[in-house]
Amino acid sequence: MGRVLVTRQLPAGGLAPLAGHDLVAPKPDDVPYSSAEMLAMAGEVDAIVSLLTDTIDASLLEAGAAGRLQVVANVAVGYNNIDVAAASRVGIHVTNTPGVLDETTADTAFLLILAACRLAHDAEADLRANRWPGWGINQYLGLDVHGATLGIVGYGRIGRAVARRAAGFSMTVLHHSRRATGEPGYVADLDELLGRCDIVSLHTPLNAETTHLIDARRLALMAPHAVLVNTARGPVVDEAALAEALHSGRLFAAGIDVFEREPEVHPRLLSAPRAVLLPHIGSGSRATRLRMATIAADNVAAVLAGKPPLHPVHI
Ligand code: NAP
């Protein structure tokens, strides 16, 4: 039986596969462990069940490897919070939770597509603040989602789940990824895709190549009536540039679930018009979050039983 650090509270029942193991519990009130606390514990546990708010860097992994740490199981499909190269160098497994959150995250992307295109946030804010004078034919005129051209950047599991939803809205779907998919709608050049779409939805991982993938130059390639949706990771978009594009009217609207410096949000984005902003709830349904926790625990249980991890992350 192993000793497992669980860094944050998880949905009830999510750690069932680790029954019998010695669990180092999260801090009360879901306060994250500090980097210093994590570093001090790294060598004294066999496994860490981590969340995307934990920075698992080279020094922590080296301290872990000098002790008994065998596996870091991230309760997320993204793993930009973990130095996977360092983990591989020191022989520690890293795992993620692919596949189980595709549909829920695609639902969130579609929620943002609909809400941003139809200006739902600005309209609701006026209603709640008593600023709605009653029905008017020119009020809150948005962009039709049905029949629009949707560009999916990052045509993997979640991007494809968004495309399936778009079919039900009679949308034309274009997609971009680094490798040609050989499927209809593939656009090799991201700049070209941005110029051809009414709505662009981002679904790439975050890494050095995708940091500020959508910057001021690329925002300027989008049509002035276009809408940007980001449920990938905050730093994929230059948040300050996006805020300026919205303030200036250079971009029609945006739907954003993830931010560059969570939980901070750029003040110019907070005050931007036609922006729907959600606090990183992409995979946040009860069933999906439970499945994510269970899969992370399954990965730890496998490694501690001397078996290969079920969902290894490789660089
Ligand atoms: P996935 O199946 O690995 O798909 C990622 C896609 O991005 C692949 O098609 C990949 O194709 C493409 N890609 C990678 N680098 C690219 C680049 N530089 N330019 C263009 N395309 C690129 O991943 P997934 O499971 O769909 O998840 C995608 C991301 O969503 C995760 O990494 C995570 O950060 C984020 N996410 C967010 C939430 C949330 O709560 N908001 C929830 C779940 C996931 P190529 O390799 O051929 O380029």
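Biologist: What is the strand order in the open sheet, and how do its strands pair?

Modeller: In this predicted model, the open sheet has six strands in the order E7-E6-E8-E9-E10-E11, and the pairing is parallel.

Biologist: What makes E7 and E11 stand at the edges?

Modeller: Strand E7 (172–176) and strand E11 (275–277) each have a single partner strand, so one side of each has no neighbour in the sheet. As for the twist, neighbouring strands here are turned by 15° against each other on average, ignoring direction.

Biologist: Why are E6 and E7 called a pair?

Modeller: Pairing asks for at least two bridges. Strand E6 (residues 149–153) shares five bridges with E7, in the parallel sense, so the two count as paired. You can find Thr149 opposite Thr172 of E7. Then look for helix H6 (residues 157–167): H6 lies across E6 and E7 and runs at about 170° to E6.

Biologist: Moving on to Thr104 in helix H4 (residues 102–117): why is Thr104 called buried?

Modeller: The cut-off is under 20% relative accessible area. Thr104 has 15%, so Thr104 is buried.

Biologist: Which residues is Thr104 in contact with, leaving aside its neighbours within four places in sequence?

Modeller: Those are Gly282, Ser283, Gly284, Ser285 and Thr288.

Biologist: Now the ligand. Which residues are closest to the ligand?

Modeller: Of the 26 residues that surround the ligand, the closest are Arg157, Ile158, Arg178, Arg179 and Asp257.

Biologist: Why does the approach of Arg179 to the ligand count as a polar contact?

Modeller: A polar contact needs a pair of N or O atoms within 3.5 Å. A polar side-chain atom of Arg179 is 2.7 Å from a ligand oxygen, so the pair qualifies. His280 has a side-chain N or O atom 3.2 Å from an oxygen atom of the ligand, and for Gly282 a backbone N or O atom lies 3.4 Å from a ligand oxygen. Taken alone, the ligand exposes 930 Å², and the protein buries 90% of that.

Biologist: How do you know that Asp238 caps helix H9 (residues 239–248)?

Modeller: Check the N-terminal end of H9: a side-chain oxygen of Asp238 lies 3.2 Å from the backbone nitrogen of Ala240. That is within the 3.5 Å cut-off. Just after H9, Gly249 takes a positive phi of about 80°.

Biologist: What do the buried residues of H9 pack against?

Modeller: Those residues, including Leu242 and Leu246, pack against helix H8 (216–221), strand E9 (227–230), strand E10 (253–256), helix H10 (267–270) and E11.

Conventions
Residues are numbered from 1 along each chain as its sequence is written. This is a predicted model: local features need pLDDT of at least 70, side-chain atom pairs count only at pLDDT 80 or more; totals for chains, interfaces and linings use all residues. Side-chain values use heavy atoms; hydrogens and water are left out. Helices (H or I, at least four residues) and strands (E, at least two) are DSSP runs, numbered from the N terminus. Axes are lines fitted to C-alpha atoms, for helices over the stretch in contact, and angles run from 0 to 180 degrees between N-to-C directions. Contact means heavy atoms within 4.5 Å. Buried means under 20% relative accessible area, exposed over 50%, partly exposed in between (1.4 Å probe, protein chains only). A residue is near a molecule or strand if one of its heavy atoms lies within 4 Å of it. A polar contact is a pair of N or O atoms within 3.5 Å; within protein, one must be able to donate a hydrogen and the other to accept it, and residues adjacent in sequence count only if both atoms are side-chain atoms. Accessible areas come from the Shrake-Rupley method with a 1.4 Å probe; for residues, only the protein chains shown count as cover.
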